[in-house]
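Visitor: I would like a close look at one part of this structure, the smaller partner and the surface it is set against. Please go on from there to the surroundings, and keep it plain.

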Amino acid sequence: MSSSTATHTYTPKTRVGKVTDYVDSRVGGSGIVKEFGRKIFPDHWTFMFGEVALYTFVILLISGTFLTFFYDPSMAETHYEGSYLPLRGVEMSVAYASSLDISFDIRGGLFMRQIHHWAALLFVASVAVHMLRVFFTGAFRRPREFNWVVGCVLLILSLAAGFTGYSLPDDLLSGNGLRIIDGVMKAIPVVGTYLSFFLFGGEFPGTMIIGRLYVLHILLIPAVILLMIGIHLFMVVLHKHSQFPGPGRTNTNVVGYPVGPVYAAKAGGFFFIVFGVLAAIAAAFTINPIWNYGPYDPSPVSAGTQPDWYIGWVDGALRLMPGTLGDNFDFEFMIPFPWGVNALSLNVLIPALVPAIIVFTAMFLWPWIEAWVTKDKREHHLLNRPRNAPTRTAIGVAGITFYCVMWAAASSDLIATHFLVSLNDVLYWLRFLVIFGPILAFMVSRRISLALQRKDREIALHGRETGRIVRLPHGEFIEVHEQVDDYKRYKLTAFESPEVMVPTPDENGKVGLVDKVHGRVSRFFFEDRVAPVTPKELATSHGDHHSEIAGAKDRESIASH
Amino acid sequence: MKALSQRRRHPLAAFALLLMALLVTGGIYAAASTANEAQAQTTTFTANDVEEGSKLFSANCASCHGMGATGSDAAPSLVGVGAASVDFQVGTGRMPMQMDGPQAQAKPVQFTDEQIRQMAAYVASLGAGPAIPGEEILSASEGDSSNGGELFRVNCAMCHNAAAAGGALTRGKFAPSIDGTSEKHIYEAMVTGPQNMPVFSDANISPDDKQDIIAFLKTIEEQGSPGGADLGSLGPVSEGLFIWVAGLGVIIAFTVWLTSRSS
């Protein structure tokens, strides 16, 4: 930018030009446009989920601001006098009454509530899908490890934003959710009750929690999310966008459209598409009908009480955990401390914390775990097709299975009623699947990845089976294979396939423990391997008579025989 | 008093005392349970109704419930279940039971209203029980729907769901959706406790409160869903399923379309 001001000799002629130049010479806009306007973004449909997350967040900010105009986060008691008849005169908190007023007595309020809630569900869903895309294509590798971590933090923040928002209407459903949080907190040994009393300002539910969650929901969490989004996007610009390998697409370039004008137009249009889709859903489909649930009261719990989808897996884990094993073992231990006996309730702590700890730890550390296994310290700007990293893909699928079984367990009651099966049997099956499902999923998906790689190899070497059987002049029958074009073949063959690293002994001829472990893990990762097609193999395959007759010219020559 | 104290060690004294204790507790229980029993208006049945009902019962019900409705290994005795029970079970198609299972399923009704009335008359004649409620107690417009809503959430929603959409119970049993159930059948279900449902006696929920609950159920049934399609009123599960399948599906279709022209 300094160079543009130093050589500022341009004199505009039109009025618009003068105004523009006045601004530009003060804020350096042309420099920014020059720098970022030519930024290239590659096109692939899977690259757009991060954008969906960003746009839903903008929609959340706009609709949420509208809701704050009318929502009152007070837990003072009142009697509802609004226009929803079945709740008229019922004692409730001001927070719930104002949520009902937004739904029934404020013009456009119900639509705004619904678009805000639907956008929240889509926000977390698009964050999750975006992360899965990044994971399965290996986009977290150097230099993008820290950006992956920022993404993980954003996921946790979006869960926190969702949960604090879910609790604000102070209806029966959200109160039940808070009660579970309270229970989990109290299960933490020694400090649990103190934590709970600190959060709720006394015994649950107290009169503080809604106001506190409101501050977190509208101030702190969105502010941190915005900060993280800023860092996230800054790093995207810094690292440039990754791309799938293809002819002309290398590790040192980015092939795609520039931000100005093509990508900006596309992205701007896409914002309105997302907005439109959400508006259509919000206008036509009910979400969180708080008027059905009634005001929060600690005594009733309605059937079909579940958290929003993104917290469902924790709820599911709690449902899966057996209260007792056999008749006697109840996972509860009374531990004597100098100040008295404290309870250790593992039947709550294990399901509430252990799956989350496993999933989040693996997620945060994965870039370094994989880098340690591959010993690969190079920069990667080219993405993997999931099948070309079979073990990583299989671990990802195992993780998804683990998550989804717990997720399904959160709707065990609805599975039972809608598929006419016993609720108990559903739980038994899911308990089996939460342990063995990921293992089965790992084996099956690794096999599928390897099989797909073999198929790719086959197609690259011999072409596509056309199903056309030809009899040659000397009587032999062959099936004609149609060769794929060079662009397609490039995509099938241009990938790296790491091999098992055998630990090397040091000068004393000994292999250290870490090296031994690394050797084992490396074997686990890369033992089963389909080697990419080499140029040499490709050259020999062309001498193969199957492909010789496959081209158009050859077909003519067959016809002329 | 002397005579009494002299005989207090008589061999039969213990039995006499036990008999007295049983009589007292039994008498109190009988008095209490009649007080608790749903005292809905009784429909009057003629001797002819009982006669016809008896024939229908022998032909259709006795194979499981036994001759004289005294029960068998397959089904309980119906002595004292009352006319309301028959009207509910047969009137909603649950009886005769289609097949053995965790609980009797509702199905198309197998008898005419007249036949159901006659069977109810027969079963009512076997012993006192809840009667079929009269019209005046069922008029939903009389009830206070917000009081009914509170009672429903405290007493019913844990099985039937806050929007009366139904829910799961253990081992294949379930609380059905109440949507579309008639006022009379809702009332009868409360006073007789069919399947796994508890009995809500008049001491537990008064007839006026029952009327309020019916008023609430009919209000939410008639008003529809204020926010658009209700997705089954099943709560966050159907909402999550919807956004993942329909919402994200549409968005993915657009992403594919937006990026289809390059490369």
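Guide: Two residues are in contact if their C-beta atoms, placed from the backbone, lie within 7 Å. The model is a predicted one. In chain B, among contacts with a separation of 6 or more, 69% are between residues that lie 24 or more positions apart. Chain B contains 12 helices and 2 strands. Reading from the N terminus, the order of its elements is α-α-α-α-α-α-α-α-α-β-β-α-α-α, with the two strands next to each other in that order.

The overall dimensions of chain B come next. Its radius of gyration is 26 Å, whereas a compact globule of 263 residues would have one near 18 Å. Along the principal axes, the C-alpha atoms of chain B fill a box of roughly 110 × 45 × 40 Å. Of the 263 residues in chain B, 39% are buried.

Now the surface between the chains. The contacts involve 56 residues of chain A and 53 residues of chain B. On the side of chain A that touches chain B, two or more residues each come from α6, α8 (172-187), α11 (259-284), α12, α16 (412-418) and α17 (423-462) of chain A. Helix α11(A) gives the largest share of that side, 8 residues. By type, the residues on this side of chain A are 35 nonpolar, 16 polar and 5 charged.

The nonpolar core is the next topic. The largest one has 157 residues, and W118(A), L278(A) and V123(B) have the most contacts inside it. Helix α6(A) supplies 17 residues, the largest share of this core. Leaving out residues up to four places away in sequence, W118(A) touches L278(A), I281(A), A282(A) and I287(A), and also I243(B) in the other chain. A separate core of 5 residues lies apart from it, including I459(A), L461(A), L492(A) and V533(A).

Several parts of chain A can be set beside this. Helix α5(A), residues 94-104, is mostly covered, with 9 of its 11 residues buried. Those buried are A95(A), Y96(A), A97(A), S98(A), S99(A), L100(A), D101(A), I102(A) and S103(A). Among the elements of chain A that cover them are α4 (49-70), β2 (77-79), β3 (91-93), α6 (109-136), α10 (209-239) and α12 (290-293). Two of these, α6 and α12, are also listed for the side that touches chain B.

Helix α14(A), residues 346-374, bends by about 60° at W366(A), and the proline P367(A) follows within four residues. Both W366(A) and P367(A) are buried, as are V348(A), P351(A), A352(A) and P355(A). The buried residues of α14(A) pack against α7 (145-167), α8, α13 (312-320), β6 (340-345) and α15 (390-409) of chain A. After α14(A) comes K375(A), with a positive phi near 55°.

One loop residue deserves a separate entry. F244(A) sits in the loop between α10 and β4 (257-258) of chain A. F244(A) has 18 C-beta neighbours inside 10 Å and therefore counts as partly exposed, since a buried residue needs 20 or more and an exposed one has 12 or fewer. Outside its neighbours within four places in sequence, F244(A) is in contact with H44(A) and L383(A). The C-alpha atoms of F244(A) and D43(A) are 9.6 Å apart, although the two residues are 201 apart in sequence.

Last comes a strand pair of chain A. Strand β7(A), residues 464-471, has 8 residues and the number buried is 0, so it lies largely in the open. Strand β7(A) is joined to β8(A), residues 477-482, by 5 bridges, and the two run antiparallel. V470(A) has I478(A) as its bridge partner, and R471(A) stands opposite F477(A). The two strands form a hairpin with 5 residues between them. In the turn, G475(A) has a positive phi of about 105°.

Notes
Residues numbered from 1 in each chain as written. Chains lettered and ligands numbered in written order. Predicted model: local features only at pLDDT ≥ 70, side-chain atom pairs only at ≥ 80, totals over all residues. Pairing = 2+ DSSP bridges. Rg over C-alpha atoms; globule rule 2.2 N^0.38 Å. Core = buried A, V, L, I, M, F, W, Y, C linked by C-beta atoms within 7 Å. Nonpolar A, V, L, I, M, F, W, Y, C, P; charged D, E, K, R; others polar. Bend = angle between axes of the 7 residues up to and from the residue.
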